[in-house]
Amino acid sequence: MQKVDWIWMNGDFVPWDEAEVHVLAHGLHYGYGVFEGIRAYETVDGRTAVFRLTEHIDRLENSAKIYMMDLPYATTELVEVTKELIRRNDLRECYIRPIVFSGFGEIGLNPLNCAVDAVIAVWPWGAYLGEEGIANGVRTKISSFRRLDHNIMPPAAKATGNYPNSILAKVEAVKAGYDEAIMLNSHGFVTDGSGENIFVVRDGVVHTPPLHAGPLDGLTRASVIRIARDLGYDVLIDNLVRTDLYTADEAFFTGTAAEIVPISAVDDREIGEPGPITKDIQNTFFAAIRGKIDQYQGWLEYV
Ligand code: PPE
């Protein structure tokens, strides 16, 4: 990864190499932490804007609430710190990773006697599934690992400890020669990719799984639902099964890191080149994040 000058840690801006934690930090042992992934883009007028920053920080607060973790900073403070960090690092575009975790204090499951550490890091991060993936699509495999359940590790919380579930799926897919994994819940309904939400297009209608199926409540997903409806497409939020993917006319992933990535095949059933509705939504999204569309200016928080 590309290093920058400053990281914000527990209230201070510290040099990148000095942003360290103790090896006995509680969150490292038990995966007890919550985090976000956000992107900032250079817009048409040359200013940098963070995409839906406040809503990402709100989701961080909700994740912390689910885990009964006291966020030591208010939303407004974290929003301001994020903007200041981007300015200090002199970045026009970047990925933003806030993370709040139980730090050093005591080992043992109960986190209540541990410090709560809060960190925000920013760095330049290119296409998550490759430029080639954005342009031509990625090949996917349905994972043999099932997605976490609401009553096991709530997917509504973007918790660090949820991610080994995604990592099992990702590694399985990559080792088998695919680009990305698609996950099903324990009832066999499609949830999401290892780190992306999923959409399919059938007969001109856009479909995405409901939140109760178990995907993360993605901000990119919400943006795409709005964009698709504004473009005049019907969007249905309904359960999908694996064969809905095999026979889809079009399919794509959405996510902050991934942005919008067409899916060209699922379990070797070809979907093919990115389709017209995928491209329409992709083009609109890429124009929106760069401030080219007035009706989506409300999503941009200028640095
Ligand atoms: N599902 C999962 C499981 C997920 O991790 C993400 C984001 C999404 C859906 C899309 O949500 P949103 O970014 O709000 O549209 N994954 C983040 C972490 C990726 C990583 O490898 O780290 C991200 O995209 O930032």
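## Disulfides and cysteines

A disulfide is a pair of cysteine sulfur atoms within 2.5 Å. A search of the whole structure finds 0 of them. Two cysteines can still be placed by their accessibility: cysteine 94 is buried at 3% relative accessibility, and cysteine 114 is buried at 9%. Here buried means under 20% relative accessible area, exposed means over 50%, and partly exposed is in between (1.4 Å probe, protein chains only).

## About the model

This is a predicted model, in which local features need pLDDT of at least 70 and side-chain atom pairs count only at pLDDT 80 or more, while totals for chains, interfaces and linings use all residues. Residues are numbered from 1 along each chain as its sequence is written, and side-chain values use heavy atoms, with hydrogens and water left out.

## Salt bridges

The structure holds 16 salt bridges, each a side-chain nitrogen of Lys or Arg within 4 Å of a carboxyl oxygen of Asp or Glu. A good place to start is helix H3 (residues 75-88), where glutamate 80 and lysine 83 sit 3 residues apart, about one turn of the helix. Helices (H or I, at least four residues) and strands (E, at least two) are DSSP runs, numbered from the N terminus. The N to O distance between glutamate 80 and lysine 83 is 4.0 Å. Glutamate 80 is partly exposed at 44% relative accessibility, whereas lysine 83 is buried at 13%.

Other bridges reach across the sequence. Arginine 139 pairs with aspartate 268, their closest N and O atoms being 3.7 Å apart. Arginine 139 belongs to strand S8 (residues 138-142) and aspartate 268 to the loop between strands S15 (259-266) and S16 (269-270), so the pair ties together parts that are 129 residues apart in sequence. Arginine 139 is partly exposed at 30%, and aspartate 268 is partly exposed at 46%.

Aspartate 192 and arginine 147 form another salt bridge, at 3.0 Å from N to O. This pair links distant parts of the chain, 45 residues apart: aspartate 192 is in strand S10 (residues 190-193) and arginine 147 in the loop between S8 and helix H5 (163-175). Both aspartate 192 and arginine 147 are buried. Elsewhere, salt bridges that share partners join Glu84, Arg87 and Arg88 into one network.

## Nonpolar cores

Now for the interior. A nonpolar core is a set of buried Ala, Val, Leu, Ile, Met, Phe, Trp, Tyr and Cys residues joined through side-chain atoms within 4.5 Å. The largest one has 35 residues, and Ile86, Ile96 and Val122 have the most contacts inside it. Two or more residues come from each of strand S1 (6-9), strand S4 (38-42), helix H2 (53-66), H3, strand S6 (94-102) and strand S7 (116-123). S7 gives the largest share, 6 residues.

Leaving aside neighbours within four places in sequence, valine 122 is in contact (heavy atoms within 4.5 Å) with residues including Trp16, Leu85, Ile86, Cys94 and Ile96. Apart from this core lies another, of 24 residues, among them Phe199, Ile227, Ile277 and Ala288.

## A nonpolar surface patch

Some nonpolar side chains are found at the surface instead: Val23, Leu24, Leu28, Tyr30, Phe104, Ile107 and Leu109 make a patch of about 730 Å². For such a patch, residues need over 30% relative accessible area and no salt bridge, with nonpolar side chains (Val, Leu, Ile, Met, Phe, Trp, Tyr) joined within 5 Å and like charges within 9 Å. Accessible areas come from the Shrake-Rupley method with a 1.4 Å probe. Valine 23 is in the loop between strand S2 (12-15) and helix H1 (26-30), and counts as exposed at 60% relative accessibility.
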